[in-house]
Amino acid sequence: MHYLTQPIYKIIFILVLTSCWFNGLAQPSEQNSASSKIQYGTDDLLSLGNPYRPVFRRAQGHQYFQYSEHDQNGITWVRGVPFKKVMVRYDLELDQVVGKLWLTDSSRVSLVFETQWLDSFELHQQHFINAQLFEIDGNTRDYLSRVHCGKDTFLLEYRTTFIDSYTKVNPYGRYSETGRRFLLISNHQLINISSRKKLYAQFPEKKDKIKNYLKTNQVKYRRASIAESRIIAAICEGN
């Protein structure tokens, strides 16, 4: 890959940001061209993305996975290369992973990781994997949180949507609460197991054990924590 020299990089960087500012005034929801690249020192793999442009900046609530006022250190794997302590956010509305990068001139920029380059990332003690790597039949979001991997693979899919309901309390609209659904990959098939009924139908021989665990530990399946979800998956796997 041909990398731009430092002087040219500075010019491109200024032009990209200027273009984003003018485009943002005209069409806030329009995404940047995939051809806009920014270099990041010697770690050029991290720079393979576009400037991040959230759509509804003033909406009530937020669109991020487990949002925090402070940037979160995460780990990203880009084309098999791990990068630790990268400031990462996962925009659930746009289904985009955003990294805040420090450039060679000490400035900072938020870039969207390109899906074809980002293998996986860890954030808030969950490991999200690029869905393309599963080679499955079925539609999902681009990144899925791995709960358990054995004979079958148990996953969680997260999403948030913008609600265009404008009131005096929320004059700019609002975001929904984070939703999720449980997924199972078995024999390269994607199966929705978001309800107990669907889970029992998939693992009828484990139904009694699952019900006993849920009842004994007062676990509500749809709201099960990651730790609880892993136990349920292990029961399904016969462990």
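**Figure 1. How much of the chain is buried, and how the fold is built.** Of the 239 residues in the chain, buried ones make up 45%. Keep in mind that this is a predicted model. The secondary structure comes to four helices and 13 strands. Take the contacts between residues at least 6 apart in sequence: 56% of them join residues at least 24 apart. As for the outside, the accessible surface of the chain is about 13,900 Å², and carbon and sulfur atoms own 49% of that.

**Figure 2. Helix 3 against helix 4.** Two packed helices are described by the angle between their axes and the distance between the axes. Here the pair is helix 3 (residues 207–216) and helix 4 (residues 226–236), with axes that come within 9 Å and cross at roughly 155°. Angles over 145 degrees count as roughly antiparallel, so that is the label for helix 3 relative to helix 4. The handedness of this crossing is right-handed. On the helix 3 side, the residues in the contact are Lys-209, Ile-210, Tyr-213 and Leu-214; they meet Glu-228, Ile-231, Ile-232, Ile-235 and Cys-236 of helix 4. Sorted by class, this contact has seven nonpolar residues, two charged ones and no polar ones.

**Figure 3. The buried residues of helix 4 and what they pack against.** Which residues of helix 4 are buried? They are Ile-226, Ser-229, Ile-232, Ala-233, Ala-234, Ile-235 and Cys-236. Their packing partners include four strands' worth of labels to look for: strand 7 (126–130), strand 8 (143–149), strand 9 (153–159) and strand 12 (179–186). Helix 2 (196–202) and helix 3 are also among the elements these buried residues pack against. Just past the end of helix 4, check the backbone at Gly-238, where phi is positive at about 90°.

**Figure 4. Arg-230 on helix 4, with Gln-125 alongside.** Arg-230 sits in helix 4. Its relative accessible area is 36%, so Arg-230 is partly exposed. Setting aside neighbours within four places in sequence, Arg-230 is in contact with Gln-125, Arg-146 and Val-147. His-148 is another residue to pick out in this view: 82 residues separate it from Arg-230 in sequence, while the C-alpha to C-alpha distance is 5.9 Å. Gln-125 itself belongs to the loop between strand 6 (118–123) and strand 7. With 79% relative accessibility, Gln-125 counts as exposed.

**Figure 5. Two positive phi angles outside glycine.** Most residues other than glycine have a negative phi, and most peptide bonds are trans. Gln-125 is not a glycine, yet its phi is positive, at about 65°. His-188 is not a glycine either, and its phi is also positive at about 65°. Where is His-188? Look in the loop between strand 12 and strand 13 (189–192).

**Figure 6. Leu-92 and Asp-95 in the loop after strand 3.** Leu-92 is found in the loop between strand 3 (81–91) and strand 4 (96–102). Is Leu-92 buried or exposed? Its relative accessible area is 0%, so it is buried. Leaving out neighbours within four places in sequence, the contacts of Leu-92 are Gln-63, Tyr-64, Phe-65, Arg-141, Tyr-158, Arg-159, Thr-160 and Thr-178. Of these, Arg-159 is 67 residues away along the chain, with 4.9 Å between its C-alpha atom and that of Leu-92. Asp-95 lies in the loop between strand 3 and strand 4 too. At a relative accessible area of 10%, Asp-95 is buried. Residues up to four places away in sequence aside, Asp-95 touches Tyr-90, Arg-141, Asp-142 and Tyr-143. The C-alpha atom of Tyr-64 is 9.5 Å from that of Asp-95, and the two residues are 31 apart along the chain.

**Figure 7. Asp-119 in strand 6.** For this last close-up, go to Asp-119, a residue of strand 6. Buried means under 20% relative accessible area, and Asp-119 has 18% relative accessibility, so it counts as buried. What does Asp-119 touch, not counting residues up to four places away in sequence? The list is Trp-77, Val-78, Arg-79, Gly-80, Ile-129, Asn-130 and Leu-133. Between Asp-119 and Arg-79, the C-alpha separation is 6.1 Å across 40 residues along the chain.

Terms used
Residues are numbered from 1 along each chain as its sequence is written. This is a predicted model: local features need pLDDT of at least 70, side-chain atom pairs count only at pLDDT 80 or more; totals for chains, interfaces and linings use all residues. Side-chain values use heavy atoms; hydrogens and water are left out. Helices (H or I, at least four residues) and strands (E, at least two) are DSSP runs, numbered from the N terminus. Buried means under 20% relative accessible area, exposed over 50%, partly exposed in between (1.4 Å probe, protein chains only). Contact means heavy atoms within 4.5 Å. Accessible areas come from the Shrake-Rupley method with a 1.4 Å probe; for residues, only the protein chains shown count as cover. Axes are lines fitted to C-alpha atoms, for helices over the stretch in contact, and angles run from 0 to 180 degrees between N-to-C directions. Angles under 35 degrees count as roughly parallel, over 145 as roughly antiparallel, 65 to 115 as roughly perpendicular and the rest as oblique. A crossing is left-handed if the near helix is turned anticlockwise from the far one by less than a right angle, and right-handed if clockwise. Ala, Val, Leu, Ile, Met, Phe, Trp, Tyr, Cys and Pro count as nonpolar, Asp, Glu, Lys and Arg as charged, and the others, Gly among them, as polar.
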